[in-house]
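Hi,

Here is the structure I said I would pass on. Have a look first, and my notes follow underneath.

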Protein chains: 2
Amino acid sequence: MAKARKDLIKIGELANLVGVQVVTIRYYEKEGLLDKPHRAPNGYRTYSRGDVDRLRFVRHCREHGMALEDIRTLLKLREAPERDCLEVNTLVDDHIKKLEEQLASLQALKTRLVELRGKCPHSGSIAECGILRGLAGSHCRVWPAEENPAPVS
Amino acid sequence: MAKARKDLIKIGELANLVGVQVVTIRYYEKEGLLDKPHRAPNGYRTYSRGDVDRLRFVRHCREHGMALEDIRTLLKLREAPERDCLEVNTLVDDHIKKLEEQLASLQALKTRLVELRGKCPHSGSIAECGILRGLAGSHCRVWPAEENPAPVS
DNA sequence: ATAATGTCTATAGCTACTATAGAGTCAAGG
DNA sequence: CCTTGACTCTATAGTAGCTATAGACATTAT
């Protein structure tokens, strides 16, 4: 009949507000990043201000490249304001370290590939192509040690 | 009874030679990156020298961060030695461009996160933690424009 | 003979979503 | 009142590049 409150919004409005897709919101709910929302009598999900904030938090974390698992942890920590924020610092430090490793690995990859690209500056036949030869040869390894399987995977 | 030739190897030996897991070889076969190998009477896959080279080529490409789709293309090109190697160059150039984009995006991410980390240098209560506040606030966006959804996904 | 490997197939799981199908709900226009 | 379109619902499958698991044979070592 009458809507309970006028600051309750539907999933599409929430999606627009935060800039995510509707399906993504439902996915976050399934993954436990968002609480199960209230449902209108017709079964539609209804969200309030707090839900908007929470979703925004999740998105900000994702924009920083954090894994959903890490975000779950941060959300839990956020709900315990009396606790020490050392854990937060540690988590962020670890994430920065991960980013640094990725950066170093990508940089090495690029350097190696640019070098390889230099082996075939001009257009010629594939039989003579230095790039393919480079990729075939065992000297082409990016990583010196066998036990370091490179950033594959 | 007698093995056909002694330079035929089983899948485990191939895996050891190249440094990949057995399941990965079978996966590459399913994906069409490796030919369907001969089978011994007992049904075991048997590989020869050429198969080792091909697998090594695939791995080198993967170590350079190339997608299986790109590798498929390179493998096809490799089998047409009379053709112009322009396509190879283009593919590699594109891949280098992709790596550069990834690098830039990761670098921006890291810069932003390090800055955020600086907001909570000391251990304190979560309620006051500048990191969580930063992640919650809308000023925390890494990317200025809304239509640039950041390297999420 | 038995136990430990190695191989086989087929299937499910991983991350963070995205896409699709099929159905129900709601507001506006004719 | 009926239809059209936009929105919502659930459930399932697909993406990349593997990895893990189960259950069944084959081979090798003790």
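**How the two copies relate**

A turn of 180° with a shift of 0.0 Å along the axis lays chain B on chain A, at an RMSD of 0.2 Å. That is what a two-fold axis gives you. If you want to find the axis on screen, go to B:L103: within chain B, its C-alpha is the one nearest the axis, at 3.3 Å. Do keep in mind that this is a predicted model.

**Where the chains meet**

The contact draws on 58 residues of chain A and 57 residues of chain B. On the side of chain B that touches chain A, the elements giving two or more residues are helix 3 (49-63), helix 4 (68-78), helix 5 (86-117) and helix 6 (130-136) of chain B. Helix 5 of chain B gives the largest share of that side, with 19 residues. Sorted by class, the side of chain B that touches chain A comes to 30 nonpolar, 15 charged and 12 polar residues. Every one of the interface residues of chain B (100%) is also an interface residue in chain A, so the copies meet through the same surface.

One residue to click on here is B:G124, which sits in the loop between helix 5 and helix 6 of chain B. Leaving aside residues up to four places away in sequence, B:G124 touches A:C85 and B:C129. Is B:G124 buried, exposed or partly exposed? It counts as partly exposed, because it has 14 C-beta neighbours inside 10 Å, and the partly exposed class lies between the exposed limit of 12 or fewer and the buried limit of 20 or more.

**Inside chain A**

Chain A holds six helices and three strands. Reading from the N terminus, its elements go β-α-α-β-β-α-α-α-α. The strands form an open sheet in the order 1-3-2, with antiparallel pairing. Strand 1 (9-10) and strand 2 (38-39) of chain A are the edge strands, each pairing on one side only. Strand 2 and strand 3 (residues 45-47) of chain A are joined by two bridges, in the antiparallel sense. For a concrete pair, look at A:H38, whose bridge partner in strand 3 of chain A is A:T46.

As for the chain as a whole, 24% of the 153 residues of chain A count as buried. Taking contacts in chain A between residues at least 6 apart in sequence, 46% join residues at least 24 apart.

**The DNA side**

There are 20 residues around DNA strand D, and those that come nearest are A:G12, A:R45, B:N42, B:A67 and B:L68. Both chains supply elements to the surface near DNA strand D: helix 1 (11-18) and helix 2 (22-30) of chain A, plus helix 2 (22-30) and helix 4 of chain B, each supply at least two residues. By class, that surface near DNA strand D divides into eight nonpolar, six polar and six charged residues.

**Confidence**

Mean pLDDT for chain A is 82, with 82% of its residues at 70 or more. Which stretch of chain A stays under 50? That is residues 140-153, for which the model has 19 contacts beyond four places in sequence.

Over to you!

Conventions. Residues are numbered from 1 along each chain as its sequence is written. Chains are lettered from A and ligands numbered from 1 in the order in which they are written. This is a predicted model: local features need pLDDT of at least 70, side-chain atom pairs count only at pLDDT 80 or more; totals for chains, interfaces and linings use all residues. Two residues are in contact if their C-beta atoms, placed from the backbone, lie within 7 Å. Helices (H or I, at least four residues) and strands (E, at least two) are DSSP runs, numbered from the N terminus. Ala, Val, Leu, Ile, Met, Phe, Trp, Tyr, Cys and Pro count as nonpolar, Asp, Glu, Lys and Arg as charged, and the others, Gly among them, as polar. pLDDT is the predictor's confidence in each residue, from 0 to 100. A residue is near a molecule or strand if its C-beta atom, placed from the backbone, lies within 6 Å of it. Two strands pair if DSSP finds at least two bridges between them. Copies are superposed by least squares on the C-alpha atoms of residues with pLDDT of at least 70 in both.
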